[in-house]
Amino acid sequence: MRRGIWRGRHTPLRSAVVAGGLALTAAVAATLSPAAPSATAAGSAGRTHEVEYFTGPGAHPRHTEVPAATPARLTRGDRALSRAETAADGDVASVIDNGAPADKVDVVFVGDGYTAAQQDDFHADVRSKWAQISAVEPYAAYRSLFNVWSVDAVSNQSGVSGDPSKGVVKDTALDSYFWCDGTERLLCVDTGKVESYAAKAPEADLVIVLSNSAKYGGAGYAISSGVGYDGIATASSDHPDSDQVAVHETGHSVGDLADEYVYATNGTYTGAEPRESNATKLSAAQLTAEKRKWYRWIGQTSPDGGKVGAYEGGRYYPKGLNRPTENSIMRTLGREYSLPGREAMIAGFYRHASVLSSRTGAAAARAASLTVSVPKSASLSWYVDGTEVTAARGEKTVTPASLGVPSDGRPHTVMAKAADTSRAVKDPALRKLLTDSRTWKVPPTS
Ligand SMILES: [Zn+2]
């Protein structure tokens, strides 16, 4: 669905002060910050973006501002793409197709540092990276809600600037580079170029740049681009842990979750109750008494370890704010989402995808095959003229005839109904939204 899910809802240190903890707007994100040394070295766009990055697989993330385009020191090489290479540039392929884009979360991968001869490598890297990302719960339980697209960006040279060492400069389609803002693991990219490639995909709810490298690195950009998604994640293609950056970033964009790590120098939070579902000024007892935030989960054992409660420190403040669990992925890379975090992610998936989808139009002949897609945790039932066909419960492919639609010269209707019954959802208001149905008219046969 073409709505921004990569919403870039980081509430970084500086913006937390400037914007009062609200989501970054394009205006804020694009403002040159005199405090950021990199701003003076910005490329032609002269803008900066807030990015979140990670210094290692088990490390807490950090924030900084980086140029929107490549700094001048990384000039493009002098070899232009050949005619054949140019022809291959921008090709879009469907990597995983689970249904109509309107019914699914559409993830778009754009490759950088892959030559024309390496595009097959890129496609293989997309598959393995998506396999890693979607192995994390609740992605794993909801794989069928996602489509994955690849967009070929043909680079003159193989590899990425800054790999293996700081001085290495590669001529690549998206100008991605390590050592961004002086940080080795911060993998930046020309966001304008990324946007122009990502826009070639049928829909883009979530954009991930895969840079052709085995070096650990990545970044989460908080930007609002106006082309249908609101942020970009970068990841190195061949480091086994780089997928965790993208997983964490979707905690913000998809789950609307706050960071749960702190900056020691921030002291005590004294502002209003935070908007995000995983940060609160309240104690566990207060959450329960007032039925607020994650109260339904308190006391339950969380997949990231320990029990859900109210742990001191979160959303960049060591004191004055609490988080649901000791150490979820919103605090440290490589961890699981907490129970409340998983529920928030599932809510986010469903803001963009349907419990029930089907490619079959509004009419279906009696002998025609009807196929629907539902997540693993959804119940599925079929009805003929309003009466349930209990024998067909859970069947994802049927025909009106197999459901018992007779050849009696009359029109009939077939309906499929699905409801997600996942135990990872506790909020009754959310549960109510997780139902869907489709109806097909079956023309008369005799
Ligand atoms: Zn974060």
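**Helix α6**

I began with α6 in this predicted model and looked up which of its residues are buried. I noted Asp243, Gln244, Val245, Ala246, Val247, His248, Glu249, Thr250, Gly251, His252 and Ser253 as buried. That is 11 of the 11 residues of the helix, which spans residues 243–253, so I describe α6 as largely enclosed by the rest of the structure.

**Zinc site**

Next I asked which residues supply the protein donors of the zinc ion. I found Glu52 listed with two OE entries, His248 and His252 each with NE2, and Asp259 with two OD entries. The donors lie 2.0 to 2.8 Å from the ion. His248 and His252 had already come up among the buried residues of α6. I checked Asp259 as well and found that this residue is buried, like His252.

I wrote the sequence spacing of the donor residues as E-x195-H-x3-H-x6-D.

Why is the arrangement of the six donor atoms irregular? I looked at the angles they subtend around the zinc ion, which run from 51 to 159°, and this makes the arrangement irregular. For six donors to count as octahedral, opposite donors would have to be over 155 degrees apart and all other angles between 65 and 115.

**Loop after α6**

I followed the chain from α6 into the loop that leads to α7 (284–290), where Asp256 lies. Phi of Asp256 is near 55°, and I marked the value because it is positive in a residue other than glycine. Is Asp256 buried or exposed? I found a relative accessibility of 18%, so Asp256 counts as buried, the cut-off being under 20%.

**Other backbone entries**

I looked for cis peptide bonds and noted the one from Glu137 to Pro138, with omega near 5°. Pro138 sits in the loop between α4 (119–133) and β5 (146–151). I also noted a cis bond from Asp163 to Pro164, again with omega near 5°. Pro164 is in the loop that joins β5 to α5 (191–198).

Trp179 is also in the loop between β5 and α5. I recorded a positive phi of about 65° for Trp179, which is not a glycine.

**Hairpin β9–β10**

I turned to strand β9 (residues 311–314) and strand β10 (residues 317–323), which run antiparallel and are joined by three bridges. Across the pair I placed Tyr311 opposite Arg323 in β10. Two residues lie between the strands of this hairpin, and there Arg315 takes a positive phi near 50°.

Beyond β10, in the loop that runs to α8, I looked up Thr325. Its relative accessible area is 0%, so I entered Thr325 as buried. I also took the C-alpha separation of Thr325 and Gly306, which is 7.1 Å for two residues 19 apart along the chain.

**Two open sheets**

In what order do the strands of the three-stranded open sheet come? I read β11-β12-β15, with antiparallel pairing. Its edge strands are β11 (357–358) and β15 (397–398), each of which pairs on one side only. Between β11 and β12 (residues 370–373) I found two bridges, in the antiparallel sense. Ser358 stands opposite Val372 in β12.

I then went to an open sheet of four strands, ordered β14-β13-β16-β17 and antiparallel in its pairing. Here β14 (387–388) and β17 (435–442) are the edge strands, each with pairing on one side only. I followed β13 (residues 378–384) across to β14 and found an antiparallel pair with two bridges. Val384 is placed opposite Thr387 in β14.

**Largest pocket**

Last I looked up the largest pocket, which holds about 360 Å³ of space. Which residues of its lining lie nearest the centre? I listed Ser277, Pro340, Glu343, Ala344 and Asp427, out of 17 lining residues.

I sorted the lining by element and found that α8 (339–352) and α9 (428–433) each give at least two residues. The largest share is that of α8, with five residues. By class I entered eight charged, seven nonpolar and two polar residues for the lining.

Terms used. Residues numbered from 1 in each chain as written. Predicted model: local features only at pLDDT ≥ 70, side-chain atom pairs only at ≥ 80, totals over all residues. Heavy atoms only, no water. Donors = N, O, S within 2.8 Å, 3.2 Å for Na, K, Ca; no water. Tetrahedral: all angles 85-135°; square planar, octahedral: opposite > 155°, others 65-115°. Buried < 20%, exposed > 50% of the residue type's maximum accessible area, 1.4 Å probe, protein only. Pairing = 2+ DSSP bridges. 1 Å grid on protein atoms, 1.4 Å probe; cavity = no way out; pocket = protein on both sides within 12 Å on 5 of 7 lines; lining within 4 Å. Points joined across faces, edges and corners; volume = space filled by probe spheres on them. Nonpolar A, V, L, I, M, F, W, Y, C, P; charged D, E, K, R; others polar.
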